[in-house]
Amino acid sequence: MFNALHGCNLLKITAGADMTVFGNGWRFVVIVMVVLFSPCSQTAESYVDKYGLTRNSPPIDVGVQPLGVPSGVLSSVMRRDGILLEKLKGMGNPLLTYPFQRGADMLPALADGRLDAAFLGDMPTLLAAAAGNVLIVGLVEVPPVLVPRAF
(Lines give C-alpha, C1' and ligand atoms only; values in the text may rest on other atoms or scores of the structure.)
Protein backbone atom coordinates (compact mmCIF):
# COMPACT_ATOMS: atom_id res chain seq x y z
CA MET A 1 0.00 0.00 0.00
CA PHE A 2 1.21 3.54 -0.81
CA ASN A 3 -0.08 6.35 1.40
CA ALA A 4 0.44 9.96 0.41
CA LEU A 5 -0.64 13.14 2.07
CA HIS A 6 -1.33 15.99 -0.36
CA GLY A 7 -2.91 19.21 0.83
CA CYS A 8 -6.09 18.06 2.53
CA ASN A 9 -6.43 14.59 1.02
CA LEU A 10 -4.98 11.34 2.26
CA LEU A 11 -4.77 9.05 -0.73
CA LYS A 12 -4.39 5.30 -0.33
CA ILE A 13 -3.17 3.48 -3.40
CA THR A 14 -2.84 -0.29 -3.12
CA ALA A 15 -0.36 -2.03 -5.39
CA GLY A 16 -1.62 -5.21 -7.03
CA ALA A 17 0.21 -8.53 -6.88
CA ASP A 18 2.07 -7.86 -10.16
CA MET A 19 2.79 -4.18 -9.43
CA THR A 20 5.50 -2.78 -7.23
CA VAL A 21 5.53 0.92 -6.51
CA PHE A 22 9.20 1.46 -7.26
CA GLY A 23 9.80 -1.48 -9.62
CA ASN A 24 7.96 -0.05 -12.62
CA GLY A 25 9.02 3.55 -13.17
CA TRP A 26 5.97 4.56 -15.18
CA ARG A 27 3.57 3.29 -12.54
CA PHE A 28 5.39 5.27 -9.87
CA VAL A 29 5.09 8.36 -12.06
CA VAL A 30 1.33 7.76 -12.42
CA ILE A 31 0.97 7.47 -8.65
CA VAL A 32 2.95 10.66 -8.10
CA MET A 33 0.83 12.48 -10.70
CA VAL A 34 -2.38 11.33 -8.97
CA VAL A 35 -1.08 12.58 -5.62
CA LEU A 36 0.15 15.93 -6.93
CA PHE A 37 -2.86 16.79 -9.06
CA SER A 38 -5.68 15.46 -6.91
CA PRO A 39 -8.08 18.22 -5.85
CA CYS A 40 -7.96 19.31 -2.25
CA SER A 41 -11.26 18.54 -0.56
CA GLN A 42 -11.15 21.74 1.49
CA THR A 43 -10.68 24.73 -0.78
CA ALA A 44 -9.87 28.22 0.41
CA GLU A 45 -13.44 29.34 -0.18
CA SER A 46 -14.92 26.57 1.96
CA TYR A 47 -12.98 27.26 5.14
CA VAL A 48 -13.02 31.06 4.71
CA ASP A 49 -16.79 31.05 4.23
CA LYS A 50 -17.16 29.24 7.57
CA TYR A 51 -15.71 32.30 9.33
CA GLY A 52 -18.78 34.38 8.42
CA LEU A 53 -16.73 37.50 7.67
CA THR A 54 -18.73 40.57 6.66
CA ARG A 55 -17.79 44.02 5.44
CA ASN A 56 -17.72 46.93 7.89
CA SER A 57 -18.26 44.76 10.96
CA PRO A 58 -17.41 46.35 14.34
CA PRO A 59 -14.64 43.86 15.21
CA ILE A 60 -11.21 44.32 13.68
CA ASP A 61 -10.91 41.16 11.58
CA VAL A 62 -7.32 40.06 11.05
CA GLY A 63 -6.14 37.12 8.95
CA VAL A 64 -3.15 35.23 10.34
CA GLN A 65 -0.97 32.32 9.36
CA PRO A 66 -0.30 30.52 12.66
CA LEU A 67 2.60 28.51 11.23
CA GLY A 68 4.30 31.47 9.54
CA VAL A 69 7.55 32.84 10.91
CA PRO A 70 7.80 35.59 12.18
CA SER A 71 4.19 36.58 11.40
CA GLY A 72 2.74 33.64 13.33
CA VAL A 73 4.68 34.67 16.42
CA LEU A 74 3.67 38.32 16.06
CA SER A 75 0.01 37.51 15.60
CA SER A 76 0.10 35.14 18.57
CA VAL A 77 1.60 37.84 20.80
CA MET A 78 -0.95 40.36 19.51
CA ARG A 79 -3.86 38.00 20.32
CA ARG A 80 -2.57 37.65 23.88
CA ASP A 81 -1.80 41.33 24.53
CA GLY A 82 -4.29 42.12 27.31
CA ILE A 83 -3.80 45.89 27.15
CA LEU A 84 -4.40 46.03 23.39
CA LEU A 85 -7.44 43.75 23.59
CA GLU A 86 -8.94 45.74 26.48
CA LYS A 87 -8.48 49.11 24.73
CA LEU A 88 -9.92 47.87 21.42
CA LYS A 89 -12.89 46.29 23.17
CA GLY A 90 -13.49 49.54 25.07
CA MET A 91 -13.59 51.40 21.74
CA GLY A 92 -16.23 48.96 20.46
CA ASN A 93 -13.82 47.26 18.05
CA PRO A 94 -12.69 43.94 19.54
CA LEU A 95 -9.83 42.15 17.78
CA LEU A 96 -10.75 38.87 16.08
CA THR A 97 -8.17 36.72 14.32
CA TYR A 98 -8.81 34.02 11.76
CA PRO A 99 -6.27 31.34 10.82
CA PHE A 100 -5.52 30.85 7.14
CA GLN A 101 -3.57 28.05 5.51
CA ARG A 102 -1.93 30.32 2.93
CA GLY A 103 -1.44 34.03 2.52
CA ALA A 104 -3.02 33.88 -0.92
CA ASP A 105 -6.26 32.64 0.67
CA MET A 106 -6.57 35.98 2.51
CA LEU A 107 -6.36 38.15 -0.62
CA PRO A 108 -10.03 37.91 -1.75
CA ALA A 109 -11.23 38.72 1.78
CA LEU A 110 -8.84 41.69 1.95
CA ALA A 111 -9.88 42.93 -1.48
CA ASP A 112 -13.60 42.99 -0.72
CA GLY A 113 -13.23 44.36 2.81
CA ARG A 114 -14.15 41.27 4.81
CA LEU A 115 -10.69 41.36 6.45
CA ASP A 116 -9.35 44.61 7.88
CA ALA A 117 -5.74 43.44 8.07
CA ALA A 118 -3.61 40.39 7.38
CA PHE A 119 -0.19 39.03 8.17
CA LEU A 120 1.20 38.11 4.74
CA GLY A 121 4.44 36.92 3.22
CA ASP A 122 6.24 38.63 0.38
CA MET A 123 4.34 37.32 -2.66
CA PRO A 124 0.79 37.76 -1.33
CA THR A 125 1.78 41.28 -0.23
CA LEU A 126 3.00 42.11 -3.73
CA LEU A 127 -0.18 40.68 -5.26
CA ALA A 128 -2.36 42.69 -2.86
CA ALA A 129 -0.43 45.88 -3.65
CA ALA A 130 -0.76 45.27 -7.38
CA ALA A 131 -4.51 44.66 -7.09
CA GLY A 132 -5.55 47.72 -5.13
CA ASN A 133 -5.08 50.41 -2.56
CA VAL A 134 -3.37 48.84 0.47
CA LEU A 135 -1.29 50.04 3.38
CA ILE A 136 1.78 47.87 3.87
CA VAL A 137 3.55 47.76 7.22
CA GLY A 138 6.72 45.71 7.03
CA LEU A 139 9.04 43.92 9.34
CA VAL A 140 12.60 43.93 8.11
CA GLU A 141 15.53 42.23 9.74
CA VAL A 142 18.59 44.45 9.62
CA PRO A 143 21.92 42.65 9.91
CA PRO A 144 24.29 44.00 12.53
CA VAL A 145 26.77 46.60 11.34
CA LEU A 146 30.40 45.78 11.85
CA VAL A 147 32.43 48.79 12.93
CA PRO A 148 36.19 48.45 12.48
CA ARG A 149 38.18 49.08 15.60
CA ALA A 150 40.82 51.75 15.54
CA PHE A 151 44.24 50.55 16.63
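**Notebook: the sheet and Asp 61**

I looked up the sheet: it is open, has 3 strands in the order E4-E3-E5, and its pairing is parallel (strands are DSSP runs of at least two residues, numbered from the N terminus; two strands pair if DSSP finds at least two bridges between them). Strand E4 (95-99) and strand E5 (117-118) are at the edges with a single partner strand each, so one side of each has no neighbour in the sheet.

The model is predicted: local features need pLDDT of at least 70, side-chain atom pairs count only at pLDDT 80 or more, and totals for chains, interfaces and linings use all residues. Residues are numbered from 1 along each chain as its sequence is written, and side-chain values use heavy atoms, without hydrogens and water.

I checked E3 against E4 and found 5 bridges joining these parallel strands. Val 64 is opposite Pro 99 in E4.

Next I looked up Asp 61, which is in strand E3 (residues 60-64). Asp 61 is buried (under 20% relative accessible area, 1.4 Å probe, protein chains only) and has no salt bridge (a side-chain nitrogen of Lys or Arg within 4 Å of a carboxyl oxygen of Asp or Glu). The nearest side chain of opposite charge is Arg 114, 9.2 Å away. I did find a polar contact, at 3.3 Å, between the side chains of Asp 61 and Tyr 98 (N or O atoms within 3.5 Å, one able to donate a hydrogen and the other to accept it; residues adjacent in sequence count only if both atoms are side-chain atoms).

Key: Helix = DSSP H or I, 4+ residues; strand = E, 2+ residues; numbered from the N terminus. Buried < 20%, exposed > 50% of the residue type's maximum accessible area, 1.4 Å probe, protein only. Lys, Arg positive; Asp, Glu negative; His and termini not counted.
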